[in-house]
Amino acid sequence: WSEVQTFLRRLVGRLFIDPEQIQVGLVQYGESPVHEWSLGDFRTKEEVVRAARNLSRREGRETKTAQAIMVACTEGFSQSRGGRPEAARLLVVVTDGESHDGEDLPTALKACESGRVTRYGIAVLGHYLRRQQ
């Protein structure tokens, strides 16, 4: 978990975070997605780095990546969560490669497309490494 926190701190530490520039929200997922931070929650890079340092790990028996992508794309960029309608939308999904709802991924990706959300995936692949695949 500390590696994930370090990665997150390094990623956001390179961004110019400001309410009129780059905003950062975070949806953590396992069995169910949870909005840890919304786009309007932090005004500076230092605030986001501090929040990343204090982020607790949520665990569960399943990993529902498609559900998390759907929630991030349909809720995460909304004005009620601090999103700006004219802003570019970028979703970075960090995953260990294991998902229990892969059949729902096409629907989630369509929701992202209609919301004009550009997506990137970063696979840690812990699931495969643990099983020596």
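**Exercise 1. Locate R116 and describe its backbone and exposure.**

Solution. R116 sits in the loop between helix 4 and strand 4. The model is a predicted one. Take the backbone next: phi of R116 is near 55 degrees, a positive value in a residue other than glycine. As background, most residues other than glycine have a negative phi. For the side of exposure, the cut-off for exposed is over 50% relative accessible area. R116 has 51% relative accessibility, so this residue counts as exposed.

**Exercise 2. Find how many disulfides the protein has, and state which residues are joined.**

Solution. Step one is the count, which comes to one disulfide. Step two is the pair: C73 is joined to C112, with an S to S distance of 1.9 Å. This lies within the 2.5 Å that the rule for a disulfide asks of two cysteine sulfur atoms. Step three is the handedness: the angle about the S-S bond is 85 degrees, and the link of C73 and C112 is right-handed. Step four places the two ends. C73 belongs to helix 3 and C112 to helix 4, so the disulfide ties together parts that are 39 residues apart in sequence. Step five is the accessibility of each end, where buried means under 20%. C73 is buried at a relative accessible area of 7%, and C112 is buried at 0%.

**Exercise 3. List the buried residues of helix 3 and the elements they pack against.**

Solution. Helix 3 covers residues 65–76. Its buried residues are T65, A66, A68, I69, V71, A72, C73 and G76. The elements they pack against include three strands that can be read off in order: strand 1 (26–28), strand 2 (34–37) and strand 3 (89–95). Helix 4 (105–114) and strand 4 (117–123) are also packing partners of these buried residues.

Now take one residue of this helix, T65. Its relative accessible area is 10%, so T65 counts as buried. Leaving out residues up to four places away in sequence, T65 touches Y29, V93, T95, E98, S99 and D101.

**Exercise 4. Decide whether V94 is buried, partly exposed or exposed, and name its contacts.**

Solution. V94 is part of strand 3. The relative accessible area of V94 is 30%, so this residue is partly exposed. With neighbours within four places in sequence set aside, V94 is in contact with F7, Y29, I122 and V124. As for distance, V94 and S114 are 20 residues apart in sequence, and their C-alpha atoms are 22 Å apart in space.

**Exercise 5. Describe the protein as a whole: its elements, its dimensions and its surface.**

Solution. Begin with the elements. The protein has five helices and four strands, and along the sequence they follow the pattern α-β-β-α-α-β-α-β-α. The radius of gyration is 15 Å, close to the 14 Å that the globule rule gives for 133 residues, so the protein is as compact as a globular protein of that length. Along its principal axes, the C-alpha trace spans about 45 × 35 × 20 Å.

Turn to burial and contacts. Of the 133 residues, 35% count as buried. Among contacts with a separation of 6 or more, 76% are between residues 24 or more positions apart.

Last comes the surface and the charge. The protein exposes about 8400 Å², of which carbon and sulfur atoms supply 49%. There are 19 positive and 18 negative side chains, and the centres of the two sets lie 4 Å apart.

Terms used: Residues are numbered from 1 along each chain as its sequence is written. This is a predicted model: local features need pLDDT of at least 70, side-chain atom pairs count only at pLDDT 80 or more; totals for chains, interfaces and linings use all residues. Side-chain values use heavy atoms; hydrogens and water are left out. Helices (H or I, at least four residues) and strands (E, at least two) are DSSP runs, numbered from the N terminus. The radius of gyration is taken over C-alpha atoms; the globule rule is 2.2 Å times the number of residues to the power 0.38. Buried means under 20% relative accessible area, exposed over 50%, partly exposed in between (1.4 Å probe, protein chains only). Contact means heavy atoms within 4.5 Å. Accessible areas come from the Shrake-Rupley method with a 1.4 Å probe; for residues, only the protein chains shown count as cover. Lys and Arg count as positive and Asp and Glu as negative; His and the chain ends are not counted. The place of a charge is taken as NZ of Lys, CZ of Arg, CG of Asp or CD of Glu.
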